[in-house]
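User: I should like to learn how to read the features of a structure, beginning with a bound ligand. Please take me through them in turn.

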Amino acid sequence: MSNRNIAIIGAGPGGLAAGMLLAGQGYDVTIYEKQTYIGGRTSRLQLGDYLFDRGPTFLMYPSLLEELFQSVGRSLYDYVKLVTLDPLYRLQFGELQFSPSANPEHTEALIEQHFPGNGAGFQRFMAEEGKKFDRVSPLLQRPFGKLSDYMSRELFAALPRLNAIDSVYDRLSRYFDDERLKFAFTFQAKYLGMSPWECPGTFTILSYLEHKFGLHHPIGGVNRICEAMHQVIREYGGRVMLSTGVKQVLVRGGRAVGVLLENGEKVAADHVIVNADYGTAMHGLFDERDLSRHKPVKVARKKYSCSTYMLYLGVNRAVDLPHHNVLFAEDYRANVRDIMQTKVLSKDASIYIHNPGISDPTLAPAGKSALYALMPVPNLTGSVDWQEQAEAVREQMISRMEQLPELAGIRQDIEVERTITPLDWQVDHDVYRGATFNLAHTLDQMMLLRPHNRFEDVGNCWLVGGGTHPGSGLPTIFESARISTRLLMEQDRSRRMSRLITTRSLLRGEKI
Ligand SMILES: Cc1cc2nc3c(=O)[nH]c(=O)nc-3n(C[C@H](O)[C@H](O)[C@H](O)COP(=O)(O)OP(=O)(O)OC[C@H]3O[C@@H](n4cnc5c(N)ncnc54)[C@H](O)[C@@H]3O)c2cc1C
């Protein structure tokens, strides 16, 4: 049992998961959160009587999170009620609606119905991508802190199956001949804020995971998962200090020794864990003289994900739409090019609509709906003037939504409303360049080339969350917490051992 003292900067899912794992091992954990609420991008947004998830709405692979809970003697399922969604989502291409099922056999039949001759491709997709997932997942669970980490049996076994040189789109072209079907299995690159034509083929595992293990909705919203981790932290004596921003990580002799809070207070800590957005943290949380590899000028040159324009609508009517809906642009490829390359707003854009009320009655008063719509848009490295464009984008989204028969005339039923633009993500939520999915997952920013879990520039300092290895979706963020806390505990154990050996030798009068 250790009561070493941990300061965590940020109560996003990464910081909470790290806090839970360490509190469960006897560490004295304090999480400092500058907002008035926990969860970061995975927080709850309340507008009047309506409850929304601010960011993540897709929960995949909950068994991984359950492993984290189990490792501290708890079960996720005692804290959160999960429902499995069927269909997974409704995808709309022009007039065609395709709603893959949680049951792969049903999905195969639907594929044959809408895209004749492609059913066998789905079978091959599940078989081949399943083998890839088995080889790739150990890599997501281990750190990449030094070159020798590449010299493992796991990596050699996985290499031929990583498909890292192909793009996600190339991979899917091997299974399907219909563009729409390829998009149905590649749009998941957007979960990483990337283009299917640029995202390394390794990430086809995202659509595989959905089809293999399903999509899940926690009653109350995905933010409930953050509440659950917070609860476990409290049970182990840890704490989250809300409205308590950290101004700087205090460093002495190259090691983190505590944090300076925005209120001027200095707090000593044996370890500091940074969950704040990577780009923002490197620009503000350290004295630049303490940084070498992560100096702001270098961080600014890295590649970042796209951003999102968000619309949260509390509407005075029940909406009969599936839980997840994606409306694809007529020319999806051009839309993705606008977002990722030319960095302009598309006239014809893709939109995601979340209608959780269809599976969860707790989010809006009876007979009403909490709708969330998201448009992927360029991050702030583009030249869109968000103060000028915000209203036009809102209008574009509502008009597009109203084309669905289920949402016809919806603007008349809006009772409460909130928007978040890329600029708001940066200014109000400390998301560097409004890149909502953090650093891009390009080959030159993955594994060893991603900021390391053990922060390279400052000792006793660790990174968790979307800006470190393995990446920026919830399952990988939970893995980042597991990897970073494992490294931290190993370091503490080995330092304890060497202190013990030194003390014994001294007691025996030996020379050290
Ligand atoms: C719109 C949207 C939709 C998404 N959808 C999905 C999805 O469906 N599925 C999925 O798996 N992932 C999704 N993601 C991606 C990702 O899972 C979430 O963004 C996730 O919340 C990121 O977690 P994190 O731990 O990296 O950091 P964050 O959630 O950003 O948390 C960081 C925390 O640090 C705090 N902080 C920052 N600076 C300081 C400071 N100086 N002092 C104290 N506190 C500070 C912040 O206030 C924040 O609470 C989505 C993201 C967005 C934005």
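Analyst: The model shown is predicted. For a ligand, one may begin with its polar contacts, that is, pairs of N or O atoms within 3.5 Å. Here, an N or O atom in the side chain of Glu33 lies 2.6 Å from an oxygen atom of the ligand.

User: Which polar side-chain atom lies 2.8 Å from an oxygen atom of the ligand, and what is the distance from an oxygen atom of the ligand to a polar backbone atom of Phe58?

Analyst: The side-chain atom belongs to Asn275. For Phe58, it is a polar backbone atom that is found 2.9 Å from an oxygen atom of the ligand. As for the cover, the ligand on its own has 990 Å² of accessible area, and the protein covers 94% of this.

User: Which elements give two or more residues to the shell around the ligand?

Analyst: They are α1 (13-23), β15 (307-315), β18 (369-377) and α15. With three residues, α15 gives the most to this shell.

User: How many residues are around the ligand, and which come nearest?

Analyst: There are 36 residues around the ligand, and those that come nearest are Glu33, Arg41, Thr42, Asn275 and Leu474. By character, the shell divides into 17 polar, 16 nonpolar and three charged residues.

User: How should I read burial along an element: how many residues of α1 are buried?

Analyst: A residue counts as buried when its relative accessible area is under 20%. In α1, 11 of 11 residues are buried. Among them are Pro13, Leu16, Met20 and Leu22.

User: Where is Met497 placed, and why does Met497 count as partly exposed?

Analyst: Partly exposed covers the range between under 20% and over 50% relative accessible area. Met497 is in helix α15, which comprises residues 474-507. Met497 counts as partly exposed because its relative accessibility is 48%. Together with Leu500 and Ile501, Met497 makes a nonpolar surface patch of about 290 Å². A general rule helps in reading such a patch: an α-helix has 3.6 residues a turn, so residues three or four places apart point the same way.

User: Is Lys266 buried or exposed, and in which strand is Lys266 found?

Analyst: Lys266 is exposed, because its relative accessible area is 63%. Lys266 is found in strand β13, residues 266-268. One may also compare separation in sequence with separation in space: Lys266 and Lys247 are 19 residues apart in sequence, and their C-alpha atoms are 9.9 Å apart.

Technical notes:
Residues numbered from 1 in each chain as written. Predicted model: local features only at pLDDT ≥ 70, side-chain atom pairs only at ≥ 80, totals over all residues. Heavy atoms only, no water. Patch = residues over 30% accessible without salt bridge, like charges linked within 9 Å, V, L, I, M, F, W, Y side chains within 5 Å. Areas by Shrake-Rupley, 256 points an atom, 1.4 Å probe, with all protein chains shown as cover. Salt bridge = Lys/Arg side-chain N within 4 Å of Asp/Glu carboxyl O. Helix = DSSP H or I, 4+ residues; strand = E, 2+ residues; numbered from the N terminus. Buried < 20%, exposed > 50% of the residue type's maximum accessible area, 1.4 Å probe, protein only. Near = heavy atom within 4 Å. Polar contact = N/O pair within 3.5 Å; in protein donor to acceptor, adjacent residues only side chain to side chain. Nonpolar A, V, L, I, M, F, W, Y, C, P; charged D, E, K, R; others polar.
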